[in-house]
Amino acid sequence: MDAIMNLNYVTLRSLLLSVLVFSMNSKSYALDGISVYKRAAQSVYLVIGTSEDDKMKLSGSAVAITESILASNCHVVLGGAKLYLIGDRKQHRAFVFYHNQDQDLCLFSVPGFTLRPINIRVSSDIEIGEK
């Protein structure tokens, strides 16, 4: 996890862009919305921020980028006193370990819960003009 925390913003932004744009294993063609959803849905999680007395203050989404790390916007995950992830129909306590509020990028983990990460392609494998 120390290596992730030492990454600069450009690297993290590139990683997240890769997650959103290039989340397939092989060369691909443009997909319709339903196909994109089917491929990515298992890696997108609901996150909830609460007050100290566990009253919901905010909700949003996050994407699993590894089996133990999620990425989301800081305005989503830093707005409450406590952060929870909804996974396998259960609520799990989550903890932010990296935040760059200027770029609105936060990384967090959920101890004891294994995530289903999005499949990230290596940028050198992508051809010019590929959709």
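**Group meeting: one disulfide and its surroundings in a predicted model**

Good morning. A search of the whole structure finds 1 disulfide. Please keep in mind throughout that this is a predicted model. The bond in question is formed by Cys-74 and Cys-106, whose sulfur atoms are 2.2 Å apart. The two cysteines belong to helix 4, residues 74-77, and strand 6 respectively, so the link ties together parts that are 32 residues apart in sequence. About the S-S bond the angle is 110 degrees, and the link is right-handed. Both Cys-74 and Cys-106 are buried.

Let me now place this in the overall fold. The protein has 4 helices and 6 strands. Along the sequence, these follow the pattern α-α-α-β-β-β-α-β-β-β. The chain has 131 residues, and 39% of them count as buried. Of the contacts between residues at least 6 apart in sequence, 60% join residues at least 24 apart. The accessible surface is about 8,200 Å², and carbon and sulfur atoms account for 53% of that area.

Next, confidence. The average pLDDT is 80, with 75% of the residues scoring at least 70. Strand 6, residues 105-109, has the highest mean, at 96, whereas helix 1, residues 2-5, has the lowest, at 42. Cys-106 of the disulfide thus belongs to strand 6, the element with the highest confidence. At the start of the chain, residues 1-10 stay under a pLDDT of 50, and the model gives them 12 contacts beyond four places in sequence. Residues 17-26 are also below 50, and that stretch has 22 contacts beyond near neighbours in sequence. Where pLDDT is low, the predicted coordinates should not be read in detail.

I turn to the aromatic side chains. How many aromatic pairs does the count come to? The count comes to 1 aromatic pair. Its members are Tyr-45 and Phe-113, with ring centres 6.4 Å apart and planes at 85 degrees; as angles over 60 degrees count as edge-to-face, the pair is edge-to-face. Tyr-45 lies in strand 1, residues 44-50, and Phe-113 in the segment after strand 6, so the pair links distant parts of the chain, 68 residues apart. Tyr-45 and Phe-113 are both buried.

A further ring has a charged partner: Arg-93 lies over the face of Tyr-84, at 5.7 Å from the ring centre. Arg-93 is also touched by Pro-111, which contacts Phe-95 as well, leaving aside residues up to four places away in sequence. Pro-111 sits in the segment after strand 6. Is Pro-111 buried or exposed? Pro-111 is exposed, at a relative accessible area of 57%. Its C-alpha atom is 7.8 Å from that of Ser-68, a residue 43 places away along the chain.

Finally, two backbone details, both in aspartates. Asp-54 has a phi near 65 degrees, a positive value in a residue other than glycine. Asp-54 is in the loop between strand 1 and strand 2, the latter covering residues 56-64, and counts as partly exposed at 41% relative accessibility. Asp-88 likewise has a positive phi, of about 50 degrees, although it is not a glycine. Asp-88 lies in the loop between strand 4, residues 82-87, and strand 5, residues 90-100. With 51% relative accessibility, Asp-88 counts as exposed.

Thank you. I welcome your comments.

Note on methods:
Residues numbered from 1 in each chain as written. Heavy atoms only, no water. Buried < 20%, exposed > 50% of the residue type's maximum accessible area, 1.4 Å probe, protein only. Contact = heavy atoms within 4.5 Å. Areas by Shrake-Rupley, 256 points an atom, 1.4 Å probe, with all protein chains shown as cover. pLDDT = per-residue confidence, 0-100. Disulfide = S-S within 2.5 Å. Phe/Tyr/Trp six-rings, centres within 6.5 Å; stacked < 30°, edge-to-face > 60°. Lys NZ or Arg CZ within 6 Å of the ring centre and 35° of its normal.
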